[in-house]
Amino acid sequence: MKVGVVDIGTNSMRLLVTDGVDEDGRWEEVTGLGVGVDATGVLSADAITRTIGVFDRYGAIMKDSGADVRVAIATSASDRKSVV
């Protein structure tokens, strides 16, 4: 079974696709999801848009890699309810 795992962090996103023994690949992209969240308490619309764009690309990579299971985990910054 092949698994794709996305880590949505405060500053970057990472993807790992693996069957548990061999890796199909690792990817990382800076998205800045949490930029300014400590000061404002909210995520910016631009940061959310960037993050969703990368999430879409990672979804395509997982599909093309044949990942049977797809999992995403996110930073605590994503727990914000408001957007500026």
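Student: What makes arginine 14 and glutamate 28 a salt bridge?

Tutor: Look at the gap between them: in this predicted model, the closest N and O atoms of arginine 14 and glutamate 28 are 3.2 Å apart. The cut-off is a side-chain nitrogen of Lys or Arg within 4 Å of a carboxyl oxygen of Asp or Glu, so the pair passes. Arginine 14 sits in strand S2 and glutamate 28 in strand S3, 14 residues apart, which links distant parts of the chain.

Student: Why is arginine 14 called partly exposed?

Tutor: Its relative accessible area is 39%. Partly exposed runs between the 20% and 50% limits, so arginine 14 fits there. Glutamate 28 comes out at 52%, and exposed means over 50%, so glutamate 28 counts as exposed.

Student: How do you know that glutamate 23 and arginine 26 form a salt bridge?

Tutor: Their side chains meet at 2.9 Å, N to O. That is within 4 Å, so the name applies. As for cover, arginine 26 is exposed at 59%, while glutamate 23 is partly exposed at 44%.

Student: And what does the pair arginine 57 and glutamate 29 tie together?

Tutor: First, the bridge: N to O comes to 2.8 Å, so the 4 Å rule is met. Arginine 57 lies in helix H2 and glutamate 29 in strand S3, so the pair ties together parts that are 28 residues apart in sequence. Both are partly exposed, with arginine 57 at 42% and glutamate 29 at 30%.

Student: Which residues do salt bridges that share partners join into one network?

Tutor: Asp7, Arg14 and Glu28. Across the protein, the count comes to 5 salt bridges.

Student: OK, now the inside. Which residues have the most contacts inside the largest nonpolar core?

Tutor: That core has 13 residues, and the ones with the most contacts inside it are Val6, Ile8, Met13, Leu15, Leu33, Tyr58 and Met62. Strand S1, strand S2 and helix H2 each supply at least two residues of the core, and the largest share, 4 residues, comes from H2.

Student: What makes them a core?

Tutor: They are buried, meaning under 20% relative accessible area, and joined through side-chain atoms within 4.5 Å, so the set earns the name. In soluble globular proteins, nonpolar side chains tend to be buried together.

Student: What is tyrosine 58 in contact with, leaving aside its neighbours within four places in sequence?

Tutor: Val6, Met13, Arg14, Leu15, Trp27, Glu28 and Glu29. You've met Arg14 and Glu28 already, as salt-bridge partners.

Note on methods: Residues are numbered from 1 along each chain as its sequence is written. This is a predicted model: local features need pLDDT of at least 70, side-chain atom pairs count only at pLDDT 80 or more; totals for chains, interfaces and linings use all residues. Side-chain values use heavy atoms; hydrogens and water are left out. Buried means under 20% relative accessible area, exposed over 50%, partly exposed in between (1.4 Å probe, protein chains only). Contact means heavy atoms within 4.5 Å.
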